[in-house]
Amino acid sequence: QWGYGKEDGPSIWHKNFPVAEGDRQSPIDIIPKEAPRDPNLGPIVLNYDQCTSLNITNNGHSVVVEFDDTDDRSVIQGGPLGNPYRLKQFHFHWGGKGCHGSEHTVEGMSYASELHLVHWNAVKYKSFGQAAEAPDGLAVLGIFLDTGDDHRWLHMITDALYMVKFKASVTDFKGFNPKCLLPSSLHYWTYLGSLTTPPLHESVIWIVLKEPIIVSEKQLGKFRTLLFSGEEEDQRMRMENNFRPPQPLKGREVRSSN
Ligand SMILES: Nc1nnc(SCC(=O)Nc2ccc(S(N)(=O)=O)cc2)s1
Ligand SMILES: [Zn+2]
């Protein structure tokens with residue numbers, strides 16, 4: 001019942017989700033010179049080698065690759081995190097043809113797209129849903145996508161998109177390791193924020209990588225062949241511009257890894 005259109009988009013979400021006007025909403029505009037290096041921030045450590053991707057699905061808002069999160073085989077830890085957080089899913093946000101579509105911006109500059117790897121604190125909480133409602137329940141790793149040459153591994157995802165064109169479609173997607181989508185540097189900014197879509201829970205420790213990955217316009221264009229709408233719906237709504245604009249910082253501090 002929410003979307004990215006004029007009638008149901010980010011400026012309306014507060015009606016059904018009042019936390020939209022809360023004190024730790026995401027995304028934000030990151031201003032590097034106002035994000036001091038914190039020497040106590042160690043490196044983030046990603047253990048994705050035993051990860052188990054299950055399927056790829058169109059949930060009517062984005063395209064999502066889901067993982068088996070029944071044990072600690074794929075986790076993120078270190079950096080600002082006090083526990084290891086389990087990988088649950090990753091998904092993307094993108095713009096329209098020629099328009100940028102990242103959620104976080106850097107000094108007002110947005111990237112073409114943004115990848116979110118969503119993790120939950122299975123040490124402290126019994127389920128994703130419970131963690132999603134706790135202030136330290138989730139850790140989302142944000143990676144900017146810039147345009148240039150083809151990304152050598154993204155085709156594994158874009159080649160599958162025709163199978164999930166319509167909302168609520170899902171197909172098997174095993175053996176994909178998201179490590180292949182990381183940039184060379186794991187330097188990051190971190191701050192306390194929220195889910196960037198309803199229910200907008202203020203439960204996310206954000207870790208946004210400074211270095212973007214490079215994908216081609218052609219590869220990004222394949223994301224825009226997805227539809228917001230279901231197979232049975234008559235009007236076909238192209239899935240694009242599925243990003244929330246930056247939200248007020250409300251005095252929060254953004255820290256930088258060294
Ligand atoms: N009890 C609950 N179960 N599930 C939820 S929310 C489902 C979910 O994963 N939502 C989600 C929304 C936005 C983001 S994002 N764009 O990474 O901030 C990640 C995840 S609350
Ligand atoms: Zn997201």
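**Group meeting: the zinc site and two pockets**

Okay, let's start with His93, which counts as buried because its relative accessibility is just 2%. His91 comes out at 12%, so that one counts as buried too, the cut-off being under 20%.

Before I go on: this is a predicted model. The mean pLDDT of the protein chain is 98, with 100% of the residues at 70 or more, and the scores are ipTM 0.97 and pTM 0.98.

So what are those histidines up to? The zinc ion, ligand 2, has three protein donors: NE2 of His91, NE2 of His93 and ND1 of His116, lying 2.0 Å from it. Along the chain, the spacing of the donors reads H-x1-H-x22-H. And why call the arrangement tetrahedral? Because the 4 donor atoms around the zinc ion subtend angles of 98 to 116°, and the test for four donors is that all angles lie between 85 and 135 degrees.

Now, pockets. The largest one has a volume of about 470 Å³. It is lined by 24 residues, and His91 turns up again among the closest to the centre, along with Asn59, Gln89, Val118 and Thr197. Which strand gives the most to that lining? That's E6, with 4 residues. Strands E4 (63-67), E6 (85-94) and E8 (113-120) each supply at least two. By class, the lining has 11 nonpolar, 11 polar and 2 charged residues.

Then there's the second largest pocket, at about 330 Å³. Of its 18 lining residues, Trp2, Gly3, Asp8, Phe228 and Met237 are the closest to the centre. Here the lining divides into 4 nonpolar, 8 polar and 6 charged.

Notes
Residues are numbered from 1 along each chain as its sequence is written. Chains are lettered from A and ligands numbered from 1 in the order in which they are written. This is a predicted model: local features need pLDDT of at least 70, side-chain atom pairs count only at pLDDT 80 or more; totals for chains, interfaces and linings use all residues. Side-chain values use heavy atoms; hydrogens and water are left out. Donors are N, O and S atoms within 2.8 Å of the metal (3.2 Å for Na, K and Ca); water is not among the atoms, so sites may look incomplete. Four donors count as tetrahedral if all angles lie between 85 and 135 degrees; four count as square planar and six as octahedral if opposite donors are over 155 degrees apart and all others between 65 and 115; anything else is irregular. Buried means under 20% relative accessible area, exposed over 50%, partly exposed in between (1.4 Å probe, protein chains only). pLDDT is the predictor's confidence in each residue, from 0 to 100. On a 1 Å grid over the protein atoms alone, a cavity is a set of points where a 1.4 Å probe fits but cannot get out, and a pocket is an open set with protein on both sides within 12 Å along at least five of seven lines; lining residues have an atom within 4 Å of a point. Grid points are joined across faces, edges and corners, and a volume is the space filled by probe spheres set on the points. Ala, Val, Leu, Ile, Met, Phe, Trp, Tyr, Cys and Pro count as nonpolar, Asp, Glu, Lys and Arg as charged, and the others, Gly among them, as polar.
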